[in-house]
Amino acid sequence: MAKVYVIANQKGGIGKTTTATNLAGILSKRGKTLLIDADPQGNSSNTYEAQIENVATLYDVIIDSDKLPIKEAIQELPNGDIVASDPLLAKAEKMLDGDVEGFYRLKDALDELEGYDYVVIDTAPSLNVILYNCLIAAQRVIIPVTADNYALQGIDQLYSTIMAVKKRQNRDLSIAGLLLVKYSGRSNLDKTTRDEIESRAKDMGTKLFGTSIRECVKTKEAQEKHKLLIDYAPWCNTMVDYLNFAEELLAED
Ligand SMILES: Nc1ncnc2c1ncn2[C@@H]1O[C@H](COP(=O)(O)OP(=O)(O)OP(=O)(O)O)[C@@H](O)[C@H]1O
Ligand SMILES: [Mg+2]
C-alpha cells in the first residue's frame with residue numbers, strides 16, 4: 001500500500017500546489033510516486049502539462065457513476081505520474097450530495113492502486129466533499145502556512161475537520177506537521193509569527209517542521225515553464241529547503 005500525503009489548507013495561494021508538486025518530484029527519486037490533482041483549478045495538472053480534455057481525470061474516478069479504475073486515469077509524463085483534475089470537480093458537492101458512500105470514493109479508488117510507494121494529493125482552497133475524500137484516503141496531512149498576520153486564520157476549522165474525519169472515518173489519519181512556506185525570515189515579525197505557529201502546532205498535537213521553505217524567483221519561473229524545480233533549479237533556496245523538509249518527513253515515517 002502506498003503512503004498517502006495530502007497537502008491541505010483552505011486558504012488560497014498559500015503554497016499547496018508548490019509543495020505538492022515539489023514533494024512529488026522529490027519522492028519520485030525514491031519510489032514510484034503518483035500526484036493527484038484534486039483541485040478543479042488544475043494548477044498541478046498545468047505544471048505537469050497533463051491533458052484534461054478527452055482523457056480520464058479524477059472526475060471519472062470519483063464522481064462519474066461509472067467509477068473508472070484509477071490506473072486508467074494515470075498520465076505518465078516527463079514530470080511524473082499524475083491523475084489530472086477537471087473543472088467539473090467543482091460540481092462534486094452537488095453530484096455526491098446525498099450519496100452515503102460519496103466521501104469514500106477516493107479511498108476506494110486508492111485501495112485498488114498497485115505498484116506505487118507514494119501518493120501526494122494537491123487540494124483546493126476549500127473545505128468540501130473532495131477534501132473529505134482526500135482526508136479519508138490519506139494517512140498524513142501536511143499543512144502549509146505563511147508567516148503573516150493571517151497565518152493561522154482558518155486553521156482551527158481545518159483542524160476540527162481533520163479530527164472529525166480521524167474520529168469517524170479514518171483512524172489512521174494524522175497531521176504530519178505545519179510547514180512554513182514562502183518564508184523570508186528577515187523581519188522580527190516573521191520570527192514572532194514562527195514562534196506563534198510553533199505553539200499552535202503543539203496545541204494541535206503536531207509540530208512545525210524544523211525546515212521552513214524560503215522564497216525564490218525560480219519557483220514561479222519553473223511553474224511557468226511547466227518544469228519541476230528539482231529539474232529546473234535544483235540548487236535554489238526553495239528546492240534545497242523542500243529537500244530538507246522531505247528528509248524530515250520521511251525520517252519520522
Ligand atoms: N517558495 C516559493 N518561492 C516563490 N514563490 C512561491 C513559493 N511558493 C509558492 N510561491 C508562489 O506563490 C503562489 C501561490 O502558490 P501555490 O499555487 O502553490 O498556492 P496554492 O495554495 O496551491 O494556491 P490555491 O489555493 O489557489 O490552490 C504561486 O504563484 C507560486 O509560484
Ligand atoms: Mg493550488
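A pocket, as the word is used here, is an open set of grid points with protein on both sides within 12 Å along at least five of seven lines. With that in mind, welcome to this predicted model, in which the space taken by ligand 1 is the largest pocket.

**The protein chain**

Let's start with the overall picture. The protein chain has eleven helices and seven strands. Its radius of gyration is 17 Å, close to the 18 Å that the globule rule gives for 253 residues, so the chain is as compact as a globular protein of that length. Along the principal axes, its C-alpha atoms fill a box of roughly 55 × 40 × 30 Å.

**Around ligand 1**

Now for the ligand. There are 19 residues around ligand 1, and Gly 15, Lys 16, Thr 17, Thr 18 and Gln 223 come nearest. Sorted by class, this shell has three nonpolar, nine polar and seven charged residues.

Three polar contacts of ligand 1 are listed here:

| Ligand 1 atom | Protein partner | Distance |
|---|---|---|
| oxygen | N or O atom in the side chain of Thr 18 | 2.6 Å |
| oxygen | N or O atom in the side chain of Asp 39 | 3.4 Å |
| nitrogen | polar backbone atom of Cys 216 | 3.0 Å |

How much of ligand 1 does the protein bury? Taken alone, ligand 1 exposes 630 Å², and the protein buries 85% of that. The elements that give two or more residues to the shell are α1 (16-27) and α9 (217-224).

How values were computed
Residues are numbered from 1 along each chain as its sequence is written. Chains are lettered from A and ligands numbered from 1 in the order in which they are written. This is a predicted model: local features need pLDDT of at least 70, side-chain atom pairs count only at pLDDT 80 or more; totals for chains, interfaces and linings use all residues. Side-chain values use heavy atoms; hydrogens and water are left out. A residue is near a molecule or strand if one of its heavy atoms lies within 4 Å of it. A polar contact is a pair of N or O atoms within 3.5 Å; within protein, one must be able to donate a hydrogen and the other to accept it, and residues adjacent in sequence count only if both atoms are side-chain atoms. Accessible areas come from the Shrake-Rupley method with a 1.4 Å probe; for residues, only the protein chains shown count as cover. On a 1 Å grid over the protein atoms alone, a cavity is a set of points where a 1.4 Å probe fits but cannot get out, and a pocket is an open set with protein on both sides within 12 Å along at least five of seven lines; lining residues have an atom within 4 Å of a point. A molecule sits in a cavity or pocket if more than half of its atoms lie within 2 Å of its grid points. Helices (H or I, at least four residues) and strands (E, at least two) are DSSP runs, numbered from the N terminus. Ala, Val, Leu, Ile, Met, Phe, Trp, Tyr, Cys and Pro count as nonpolar, Asp, Glu, Lys and Arg as charged, and the others, Gly among them, as polar. The radius of gyration is taken over C-alpha atoms; the globule rule is 2.2 Å times the number of residues to the power 0.38.
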